[in-house]
Amino acid sequence: MKRWLGFYAVAFFAFLHLPLLTLAFFSFNSSRFTKWEHFSLDWYRAIIRDPQILEGTWNSVVIALWATVLSTVIGTLCAYGLCKRNSRTPTGALYLSLVTPEIVSGIALLALFQWAFRWLHWQLGLYTVVLAHVAFCIAYVVIVVSARLRTLSPALEEAAMDLGATPWQAFWYVTLPALAPGILAAALLALTVSFDDYVITSMVAGVDSETLPMVIYAMARRGASPVINAISALITVVFGVLILLSERARET
Amino acid sequence: MKLRTCFLLPAWLAMALLFAVPFVIVLAYSFLTRGVYGGMVPPWTTESYRRLFDALYLAILGRSFAMALAATALCLLLAFPAALFISRAARHRNLYLQLVMLPFWTSFLVRTYAWIFLLRDTGLFNTILLSLGIIHSPLPLLYNDGAVLLGLVYGYLPFMVLPIYATLERLDPALAEAAADLGARPLTTVWHIVVPLSRPGIVAGSVLVFIPCLGAYLTPALLGGGRTVMVGNLVQNQFTTARGWPFGAAVSIALMALVTLVLVVFLRRESEPLA
């Protein structure tokens with residue numbers, strides 16, 4: 001049976017990884033069909049020439065950076081406030097925000113913004129997307145930072161306070177530096193989660209704030225194209241690097 | 001105010017403003033009527049909820065439920081032997097786990113798109129089958145229920161592997177050895193000893209797969225080609241093209257109620273052995 005399990009594992013990992021590897025492989029194919037002709041970087045050049053893709057990427061980067069900074073600050077403070085306290089309500093709300101179907105979060109935020117715009121004469125735009133992303137990134141940050149907090153000894157802060165530090169000083173000079181790798185890991189995770197989101201974004205984005213996932217989605221709705229293969233390969237590599245960095249930070 | 005309380009304030013505010021308030025608005029909309037000029041107006045009514053019981057919408061709810069159930073069962077079937085393999089591997093367990101998680105960390109949109117690329121008429125499978133002469137015209141692999149199911153399974157498989165692995169890893173190997181000593185064949189041991197003991201992991205994994213599948217929107221929209229309407233697509237449709245916000249809100253509330261019900265029923269019952 002051991003040998004069969006081994007064979008199965010090979011097939012299992014092939015199922016998980018081959019689709020993405022094939023996708024990346026054919027992004028270097030000169031033909032738009034799934035038959036190898038010869039090596040070409042044409043589809044990557046097409047990305048650079050496509051203003052929609054470039055603008056979408058730019059919007060996505062801006063949104064992801066804002067959402068990451070905001071959610072990392074809020075989430076880190078929240079994780080710190082939650083530890084040593086058995087308040088279940090905020091934790092419950094955070095977990096509920098994780099299991100809420102994305103489309104439901106999306107329409108709920110759309111309803112909120114439309115409702116608020118009755119009094120405020122604003123419009124959907126980049127900032128509504130940032131707010132929506134902050135809403136779902138906080139939970140990820142809290143989970144990652146809390147895991148790091150649990151590994152810290154409470155004796156550290158107690159020692160600082162015994163030596164005369166105020167609670168704020170103990171947090172700022174002792175706990176925060178010790179938490180830094182966890183915070184970095186959380187921020188990188190938030191960055192990828194925000195950059196990747198399509199469903200919620202598409203509900204709350206304004207006309208001038210199309211993100212990269214929205215551009216890809218619109219293209220994919222019209223069928224496969226080697227240009228999407230090329231973008232996909234790039235995204236996969238960038239995400240892979242970010243997540244590897246995040247894992248490394250979490251382990252130090 | 002104590003420092004820790006101050007620290008909770010921003011998160012509390014964000015969750016209230018961006019999670020609780022929108023939810024209340026959706027709840028309110030689900031009991032309102034659509035006005036002539038688009039806005040939601042009284043009278044308050046349960047009409048939207050009654051519409052849920054129309055044969056058309058019941059069929060969509062039923063199909064979503066069936067799809068999520070089928071995806072969960074397939075994930076379980078695929079993930080259990082893989083988790084067993086990893087838990088019994090002598091070396092490289094962490095590497096295998098990372099290999100399970102790796103595709104999960106790449107973009108969900110990209111992973112869904114990969115199947116459009118592979119399953120389309122000129123995709124890899126059809127090209128191979130055609131060039132081998134097994135088929136003479138491309139098979140319609142994309143834009144059907146099967147493609148959606150495949151996309152859901154592929155998307156959420158890691159959610160099933162990890163919890164099962166976590167319980168298998170903590171299983172005392174002496175139990176399986178004892179069964180073998182008493183003459184049980186390996187498969188018998190797995191079926192009668194290992195599977196029942198890994199129940200908490202199986203339940204946790206199933207919940208983690210079932211919930212996102214039930215509310216899936218992206219996968220059916222891209223791989224179903226508009227034909228397979230799941231409940232997520234129904235919600236999106238009501239809020240965009242159909243302009244049926246009260247009904248869309250009612251569907252959302254029903255979906256949330258289902259998700260919460262599944263969570264409460266299964267996790268409450270299983271949380272003790274997990275802790």
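These questions and answers cover the contact between chain A and chain B and one pocket in a predicted model.

User: How is the size of an interface often given, and what area is buried between chain A and chain B?
Analyst: The size of an interface is often given as the accessible area lost when the parts come together. Carbon and sulfur atoms give 80% of the area buried between chain A and chain B. That buried area is about 6900 Å².

User: Which three residues supply the most of the area that chain A buries against chain B?
Analyst: Chain A puts 75 residues into the contact, and chain B puts in 75 residues. Three residues of chain A supply 9% of the area that chain A buries against chain B, more than any other three. They are Met1(A), Phe15(A) and Thr34(A).

User: How many residue pairs are in polar contact across the interface of chain A and chain B?
Analyst: Salt bridges across this interface number zero. Polar contacts are counted with both residues at pLDDT 80 or more. The number of pairs in polar contact is seven.

User: Which helix gives the largest share of the side of chain A that touches chain B?
Analyst: By class, that side has 52 nonpolar, 13 polar and ten charged residues. The largest share is 15 residues. It comes from residues 2-26 of chain A, helix α1.

User: Which element gives the most to the lining of the second largest pocket?
Analyst: This pocket has a volume of about 390 Å³. Elements giving two or more residues to its lining are α3, α7, α8 and α9 of chain B. The top contribution is six residues, from α9(B).

Notes
Residues numbered from 1 in each chain as written. Chains lettered and ligands numbered in written order. Predicted model: local features only at pLDDT ≥ 70, side-chain atom pairs only at ≥ 80, totals over all residues. Heavy atoms only, no water. Contact = heavy atoms within 4.5 Å. Buried area = accessible area lost by both parts, 1.4 Å probe. Salt bridge = Lys/Arg side-chain N within 4 Å of Asp/Glu carboxyl O. Polar contact = N/O pair within 3.5 Å; in protein donor to acceptor, adjacent residues only side chain to side chain. Helix = DSSP H or I, 4+ residues; strand = E, 2+ residues; numbered from the N terminus. Nonpolar A, V, L, I, M, F, W, Y, C, P; charged D, E, K, R; others polar. 1 Å grid on protein atoms, 1.4 Å probe; cavity = no way out; pocket = protein on both sides within 12 Å on 5 of 7 lines; lining within 4 Å. Points joined across faces, edges and corners; volume = space filled by probe spheres on them.
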